[in-house]
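Here is a short report for a reader meeting this structure for the first time. Look at the sequence and the 3D view before reading on.

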2 protein chains.
Amino acid sequence: MDLTLAKESCLHCPIRHRAVCAEADRSELERLEAAKSYRTFPRGTMLAEAGEPLDHLSSIVAGCATMSRTFADGRRQMVGLLLPSDFIGRPGRPTSAYNIEAASEVTLCRFERRMFEELVTSAPNIAHRMLVMTLDELDAARDWAVVLGRMTAREKVVNFLVNLARREAAAHDGSVSGGAVALHLPLSRETIADYLGLTIETTSRQFSALRKDGLIATPSARDVQIPDFEALALEIDDDDGGVIS
Amino acid sequence: MDLTLAKESCLHCPIRHRAVCAEADRSELERLEAAKSYRTFPRGTMLAEAGEPLDHLSSIVAGCATMSRTFADGRRQMVGLLLPSDFIGRPGRPTSAYNIEAASEVTLCRFERRMFEELVTSAPNIAHRMLVMTLDELDAARDWAVVLGRMTAREKVVNFLVNLARREAAAHDGSVSGGAVALHLPLSRETIADYLGLTIETTSRQFSALRKDGLIATPSARDVQIPDFEALALEIDDDDGGVIS
DNA sequence: ATAACTGCTTGATCTGCATCAATGCGGGAT
DNA sequence: ATCCCGCATTGATGCAGATCAAGCAGTTAT
């Protein structure tokens with residue numbers, strides 16, 4: 001799970017473009033800038049439906065969205081949390097493979113598909129940056145498979161909290177200090193459960209167990225305090241490489 | 001298993017290059033051809049170790065390899081099966097994130113890292129094709145997360161067999177007919193179990209249950225016959241989109 | 001304030017898969 | 001052939017997490 005807020009490869013930020021394109025074709029930059037438009041959607045909006053055509057490709061500017069697939073019998077599995085700088089839609093693939101839903105108010109930087117695809121095929125810089133972003137997502141997706149396939153419920157929840165804390169720290173461009181950390185959860189228990197491949201009840205029980213063990217405090221359901229981050233991280237770090245980088 | 005695959009994006013095949021590069025810079029093609037070399041490794045060879053430097057990028061020409069991560073306590077999760085035309089290593093990432101092991105004798109088409117990375121940054125065609133391949137892998141990895149997170153043991157095994165059959169059919173460039181299909185499993189029960197996030201015993205029991213239900217026959221542990229492919233596929237297809245594309 | 005609603009927690013029970021433990025089977029060496 | 005040895009199957013039992021079922025707390029409406 002890559003949760004940094006200001007990746008090198010973020011495609012909606014002109015400052016990044018300038019850095020990357022410094023000595024490259026400036027017209028490429030102009031075209032990318034010209035092709036984009038911004039739009040904000042309220043919480044709960046379906047930004048894409050699995051199998052349905054997706055005529056805009058977007059980069060998330062602000063907010064949080066979820067990517068999931070739902071079975072006919074109701075089982076749901078999230079395959080990713082989409083955060084600022086993450087990309088929605090794929091060049092060359094006209095439809096979305098997953099449901100994408102705004103988990104909070106979300107602002108997108110949108111590119112009309114045809115324009116963007118032309119850029120990707122003709123501009124080496126853009127294509128290369130898309131490749132780097134996609135490789136990051138691939139690593140995250142594979143790491144996620146490891147979590148879902150082999151971790152216990154407790155490990156899944158700890159892993160979730162630790163990564164959320166690390167992302168938050170990265171967003172503020174500092175590292176997680178050895179001390180206390182406070183988190184606001186962007187997701188409901190149900191969404192967390194669907195993310196972790198668990199039920200709501202099991203997820204809730206794991207939060208309660210961690211609280212009883214003194215590893216977290218929960219002033220409210222959506223707020224988590226971690227008095228000793230290292231102690232929490234030890235629950236998963238000490239015995240494997242299963243931590244999502 | 002016959003592994004002659006012929007994806008559009010396969011990077012070791014000059015014929016494909018020619019098709020893609022037809023009107024593009026031919027020197028790019030020359031350089032790619034010049035940079036490659038072939039090598040064959042016996043079954044069991046560790047082609048890459050998680051965290052270790054990987055100085056060659058490779059395209060699989062023949063054989064089968066597995067990608068996995070192992071926890072300190074022995075838990076192991078495979079994150080992918082690598083088959084001909086699949087790629088090992090990532091431009092811009094000097095180390096492998098996973099253990100990659102030859103599951104059978106494997107022939108690789110290898111590119112020296114520096115040469116290949118130069119090609120990716122300078123040649124739009126190569127970069128674009130890498131992007132398409134990576135997007136395919138990303139879809140597969142996310143689909144895999146859905147399988148691991150929400151499918152039952154039986155569904156996992158059925159999904160595995162159905163996908164293997166489909167890949168095999170795709171390799172022979174035909175579709176899976178409505179009738180009987182014969183498969184040779186390229187993996188041991190243990191490896192299948194690690195792939196599916198199950199134990200050996202559960203995997204074996206599921207094979208036995210499918211046999212008892214008449215959905216498969218197993219002339220040997222490594223050979224599976226599917227008398228009615230559609231009937232098997234119905235076990236998963238009718239209620240979701242959880243099939244790996 | 002009270003009611004009604006929604007999301008969270010907790011308890012009791014059930015079950016699917018893991019674990020522990022034999023047993024069977026096939027292919028290679030002698 | 002016979003003895004292996006690694007792999008696969010099958011059985012008995014245990015347990016983590018799912019399911020079923022109440023309660024509870026925060027929020028919005030009246």
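What follows covers the protein–protein interface, then the DNA contacts.

**Where the chains meet**

The model is predicted. In it, 48 residues of chain B contact 49 residues of chain A. About 4400 Å² is buried between chain B and chain A. Carbon and sulfur atoms give 58% of that area.

Charged pairs link the two chains. There are 14 salt bridges between chain B and chain A. One of them joins the side chains of Arg150(B) and Asp194(A), at 3.0 Å from N to O. Polar contacts between chain B and chain A amount to 22 residue pairs, counting pairs with both residues at pLDDT 80 or more.

Which elements of chain B supply at least two residues each of the side that touches chain A? There are two strands, β4 (65-70) and β5 (76-82), and three helices, α3 (113-122), α4 (124-150) and α6 (189-196). The largest share comes from α4(B), with 21 residues. By class, this side of chain B has 23 nonpolar, 16 charged and 9 polar residues.

**Where the protein meets DNA strand C**

Around DNA strand C there are 17 residues. Arg189(A), Arg205(A), Ser208(A), Thr202(B) and Arg205(B) come nearest. Both chains are thus represented among those nearest residues. On the DNA side, sugar and phosphate make up 64% of the strand C atoms that come within 4 Å of the protein.

Three contacts show which parts of DNA strand C are reached by polar side-chain atoms.

| Residue | Part of DNA strand C | Distance |
|---|---|---|
| Arg189(A) | phosphate oxygen | 2.6 Å |
| Arg205(A) | base nitrogen | 2.8 Å |
| Glu201(B) | base nitrogen | 3.1 Å |

Arg189(A) reaches a phosphate oxygen. Arg205(A), in contrast, has a side-chain N or O atom 2.8 Å from a base nitrogen. From chain B, Glu201(B) also has a polar side-chain atom by a base nitrogen, at 3.1 Å.

Which helices supply at least two residues each of the surface near DNA strand C? Chain A offers α6 (189-196) and α7 (200-212), and chain B offers α7 (200-212). The largest share, 5 residues, comes from α7(A). By class, the surface near DNA strand C has 7 polar, 6 charged and 4 nonpolar residues.

**Putting the two together**

One helix number recurs across the two surfaces. In chain B, α6 (189-196) supplies residues to the side that touches chain A. In chain A, α6 (189-196) supplies residues to the surface near DNA strand C.

Note on methods
Residues numbered from 1 in each chain as written. Chains lettered and ligands numbered in written order. Predicted model: local features only at pLDDT ≥ 70, side-chain atom pairs only at ≥ 80, totals over all residues. Heavy atoms only, no water. Contact = heavy atoms within 4.5 Å. Buried area = accessible area lost by both parts, 1.4 Å probe. Salt bridge = Lys/Arg side-chain N within 4 Å of Asp/Glu carboxyl O. Polar contact = N/O pair within 3.5 Å; in protein donor to acceptor, adjacent residues only side chain to side chain. Helix = DSSP H or I, 4+ residues; strand = E, 2+ residues; numbered from the N terminus. Nonpolar A, V, L, I, M, F, W, Y, C, P; charged D, E, K, R; others polar. Near = heavy atom within 4 Å.
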